[in-house]
Amino acid sequence: MKVNHYIKVNENDNVAITVNAISSGTVIMGDVVTNQDIPQGHKIALSDIAEGEAIVRYGVTLGYALYFINKGDWINEYMLELPAPPLLNEMEFGTNLVKNLPEAPVKTFEGYPHPNGGYAGTRNILGIVTTVQCVTGVLNNAVKKIKEVLLPQYPNVDDIVAINHTYGCGVAINAPGAEIPIRMLQNIVQHPNFGGEVMVVSLGCEKLTLEMLLEETHNSPDNVITLQDVKGHNAIMDEIIAMAENKLKKLNERKRVTLPLSDLCIGLQCGGSDAFSGVTANPAAGYAADMLVEAGATVMFSEVTEVRDGAHIIAERCVDEEVGKKLAAEIQWYDQYLDNGQVDRSANPTPGNKKGGLSNIVEKAMGSIAKSGTSPIVEVLSPGERPTKKGMIFAATPASDFVCGSCQLSSGIALQVFMTGRGTPYGLALAPVIKVCSRNNMKDMWEDLIDVNAGPIATGEATIQEIGTQLFHEIINVASGRKPCLAEKYQLHNDFSVFNPAPIT
């Protein structure tokens with residue numbers, strides 16, 4: 001059997017990546033022989049590269065050689081000078097609108113209709129939102145007791161989740177940027193998996209007032225408990241438990257029904273990425289996303305720093321100038337946000353990314369945008385903003401896994417697909433997270449934590465279309481409650497992490 005030593009993505013590339021770690025002296029192709037031992041996923045020079053010459057992967061300049069590189073050399077992060085990012089004011093919009101998307105094998109799923117309209121739920125959860133971190137200890141004790149005593153009596157309710165966070169007080173509530181965390185919390189109250197039931201626990205003296213958090217119709221004693229108005233710990237616990245039971249009774253009446261995929265909203269994210277992410281897991285997710293969009297679903301991708309160097313590519317997929325200008329504005333805001341902190345997008349790659357073969361943010365970005373497939377981009381959202389259209393959406397968020405996930409939840413996703421190369425036990429309490437790995441070694445290492453393995457694409461044992469179709473069916477089955485994802489099975493949940501760029505006082 002022929003051994004596949006390397007993956008070359010584009011005919012113009014002057015580098016390839018190793019499928020597995022290979023030894024010095026290995027013949028890669030033709031007269032290309034490795035000059036050093038090269039780790040898995042790292043780059044090999046396919047020709048001599050002069051000092052200052054472009055190093056090209058995905059048909060894109062990743063950077064410029066800091067010194068002469070011999071054919072067959074191992075290329076790592078210390079050998080490239082980062083290029084300038086694409087100019088936002090020179091982007092063209094709507095020049096690459098793909099209409100012929102792959103057809104979805106099914107057009108429906110089994111979900112929970114939202115009583116107030118909007119996207120359907122994939123789970124049936126009592127979500128209890130807090131206005132401030134001060135109430136967390138009391139609420140956590142109450143939730144523990146409710147799960148032990150009450151939840152078994154309501155078998156149609158999947159879980160009770162306290163949405164604790166570090167916002168609410170000690171913050172500049174009216175400062176520029178404060179609208180982001182406030183919007184996130186306002187929108188999480190109405191998450192599709194909560195079935196229209198609103199329950200809020202406040203302290204009473206915080207800066208994030210109930211009037212700021214809730215719509216007028218929701219700000220009532222039926223939905224809100226203010227701890228400073230209740231006499232003592234035991235009375236507080238009794239009130240929380242009593243309100244929760246009223247909510248549980250209503251949620252227990254929810255039933256799954258067959259719904260069109262146009263009622264489904266999912267998110268895409270990647271974390272712990274490696275050099276395989278952009279050729280296996282992310283393209284497979286992109287193929288599944290295209291099928292979902294073809295069937296009418298809404299799919300969000302995010303992570304501004306991880307698309308920054310591909311902004312011009314995304315702009316070409318924006319359906320009109322209005323969407324394109326919103327894209328440019330959101331990215332410009334983030335450029336300024338990073339600049340205020342005296343960093344730029346190069347601060348993004350992690351040591352694990354680099355160990356996995358990603359030399360810099362340009363290479364990471366080219367792989368990251370692959371998860372969005374080819375669908376036209378119909379809308380661009382600010383962090384935590386809710387969509388108004390259906391289809392492929394760019395939701396501008398930080399690339400931080402837990403902050404991005406929280407922003408996407410606030411934007412209304414009821415399920416997330418998470419691609420990883422290095423591995424992470426990341427999960428969300430409010431929505432199932434399907435984990436997709438980029439290489440066989442990761443699946444072998446974490447067999448019981450990875451839902452879908454895209455590694456066979458790298459070895460030539462499967463195609464992007466085959467793994468993408470497998471992932472599409474996984475999404476439908478998990479969204480429909482036919483099976484739990486593995487993060488859900490083990491109850492692996494990250495904290496709800498509010499994105500707050502405004503000052504803390």
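Axes here are lines fitted to C-alpha atoms, for helices over the stretch in contact, and angles between N-to-C directions run from 0 to 180 degrees. Keep that in hand for the helix views below, and remember throughout that this is a predicted model.

**View 1. Helix α7 lies across strands β18 and β19.** Here we look at residues 321-340, which make up α7. This helix runs at about 35° to β18. As for the strand beneath that angle, β18 covers residues 377-381 and stands at an edge of its sheet.

**View 2. Helix α10 lies across three strands, β16, β17 and β20.** The helix takes in residues 401-410, and β20 takes in 416-420. Relative to β16, α10 runs at about 170°.

**View 3. Seven strands make an open sheet with parallel pairing.** Reading across, the order is β18-β19-β17-β16-β20-β21-β22. The edge positions belong to β18 and β22 (452-453); each has a single partner strand, so one side of each is left without a neighbour in the sheet. At the β22 end, the partner is β21 (residues 433-437), paired in the parallel sense over 2 bridges. Look for Cys 437, which stands opposite Asn 453 in β22.

**View 4. Strand β17 sits between β19 and β16 in the sheet order.** With β16 (residues 265-270), β17 pairs in the parallel sense over 3 bridges, and Ile 266 stands opposite Val 299. To get from β16 to β17 the chain passes through helix α5 (residues 281-294), a right-handed β-α-β crossover. On the β19 (residues 392-395) side, the pairing with β17 is again parallel, over 3 bridges, and here Val 299 stands opposite Met 392. Within β17 itself (residues 298-301), Thr 298 and Met 300 point one way, while Val 299 and Phe 301 point the other way. All four side chains to find in this view belong to buried residues.

**View 5. Helix α1 has a buried side and a face turned away from it.** The 14 residues of α1 (residues 136-149) should span 20 Å at 1.5 Å a residue, and the end C-alpha atoms are indeed 20 Å apart, so expectation and model agree. Buried in α1 are Thr 136, Leu 139, Ala 142, Val 143 and Ile 146. Because these residues cover an arc of only 125° around the axis, they lie on the same side of α1. Their cover includes β11 (125-130), β12 (159-163), β13 (200-202) and α4 (233-251). Turn to the face away from the buried side and you will meet the exposed residues Lys 144 and Glu 148.

How values were computed
Residues are numbered from 1 along each chain as its sequence is written. This is a predicted model: local features need pLDDT of at least 70, side-chain atom pairs count only at pLDDT 80 or more; totals for chains, interfaces and linings use all residues. Side-chain values use heavy atoms; hydrogens and water are left out. Buried means under 20% relative accessible area, exposed over 50%, partly exposed in between (1.4 Å probe, protein chains only). Two strands pair if DSSP finds at least two bridges between them. A crossover is right-handed if, with the strands pointing away from the viewer, the path from the first strand over the helix to the second runs clockwise. The expected span of a helix is 1.5 Å times one less than its number of residues. The arc is that of the directions from the helix axis to the C-beta atoms. Contact means heavy atoms within 4.5 Å.
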